[in-house]
Amino acid sequence: MKQSLHLLLASDGSECALKAAHWIDRCFTADEIQVTIASVARGPLDLGSPAFYPLPDYAESMEAASVHEAREALTRSLDLLAAFTPSAVVLSGPTIAGALSGYAEQRGVDALAPIAEAERATVVLGVNTDDLGDHRPGQAAAAGRGARFP
């Protein structure tokens with residue numbers, strides 16, 4: 001009953017996210033993997049130029065609505081993967097990609113490194129070719145810890 005794989009499912013509650021949850025349910029058993037489901041609440045909100053800032057109460061209500069929406073997205077995926085007793089986290093950040101990559105950077109490669117070392121393996125991560133020239137701090141951190149990008 002050794003869980004050697006930890007999957008991070010980023011869920012916005014969309015059809016694609018729910019398909020990913022169904023795929024996890026079909027391909028794995030609860031004793032094989034640990035699952036964390038993450039959803040992102042957008043914030044702090046970039047609301048434009050200082051000449052057009054909304055009232056503070058309005059900005060707070062927009063952020064609260066974003067957190068509520070993220071929690072609803074988590075609930076939909078949690079319901080599908082209940083047998084895996086997944087961890088759930090609502091992340092916050094100005095961009096979805098930034099919040100998820102920061103979370104994965106902190107936990108993902110560091111969590112995989114001991115497994116890769118024990119198995120004499122290399123952590124291999126996928127990347128879109130159009131992202132290769134972009135500033136990607138998560139990729140740089142992963143590469144610094146020995147991950148490879150084919």
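Helices (H or I, at least four residues) and strands (E, at least two) are taken here as DSSP runs, numbered from the N terminus. On that basis the chain has four helices and three strands, and from the N terminus on they run β-α-β-α-β-α-α. This is a predicted model, so local features need pLDDT of at least 70 and side-chain atom pairs count only at pLDDT 80 or more, while totals for chains, interfaces and linings use all residues. Residues are numbered from 1 along each chain as its sequence is written, and side-chain values use heavy atoms, with hydrogens and water left out.

To start with the whole chain, about 9,800 Å² is exposed, and carbon and sulfur atoms supply 56% of that area (Shrake-Rupley method, 1.4 Å probe; for residues, only the protein chains shown count as cover). Buried residues make up 26% of the 150 residues, where buried means under 20% relative accessible area, exposed over 50% and partly exposed in between (1.4 Å probe, protein chains only). A contact is a pair with heavy atoms within 4.5 Å. Of the contacts with a separation of 6 or more, 73% come from residues 24 or more positions apart.

Next comes helix H1. Its 13 residues (15–27) should span 18 Å at 1.5 Å a residue, and the end C-alpha atoms are indeed 18 Å apart (the expected span is 1.5 Å times one less than the number of residues). Ala 17, Ala 21 and Ile 24 are the buried residues of H1. They cover an arc of only 55 degrees around the axis, which puts them on the same side of H1 (the arc is that of the directions from the helix axis to the C-beta atoms). An α-helix has 3.6 residues a turn, so residues three or four places apart point the same way. The face of H1 turned away from the buried side carries exposed Glu 15, Cys 16, Lys 19 and Arg 26.

A search of the whole structure turns up one aromatic pair (rings of Phe, Tyr and Trp, the last by its six-membered ring, with centres within 6.5 Å; planes under 30 degrees apart count as stacked, over 60 as edge-to-face and the rest as tilted). Trp 23 and Phe 28 form this edge-to-face pair, at 5.5 Å centre to centre and with 80 degrees between the planes. Trp 23 is partly exposed, at 40% relative accessible area.

Phe 28 also belongs to the largest nonpolar core, which has eleven residues, including Leu 7, Leu 9, Ala 21, Ile 24, Ile 37 and Leu 74. Such a core is a set of buried Ala, Val, Leu, Ile, Met, Phe, Trp, Tyr and Cys residues joined through side-chain atoms within 4.5 Å. Strand S1 (5–10), H1 and strand S2 (33–42) each give two or more residues to this core, and S2 gives the most, with three. Apart from this core lies another, of six residues, among them Ala 38, Val 40, Ala 99 and Leu 100.

Leu 74 sits in helix H2 (residues 56–80) and counts as buried at 6% relative accessibility. Leaving out residues up to four places away in sequence, Leu 74 touches Ile 37, Ala 38, Ser 39, Ala 88, Val 89 and Val 90. Leu 74 and Gly 13 are 61 residues apart in sequence, yet 6.9 Å apart in space, C-alpha to C-alpha. Ser 39, in strand S2, is buried too, with a relative accessible area of 3%. Among the residues that Ser 39 touches are Ser 11, Ala 70, Ala 73 and Leu 91.
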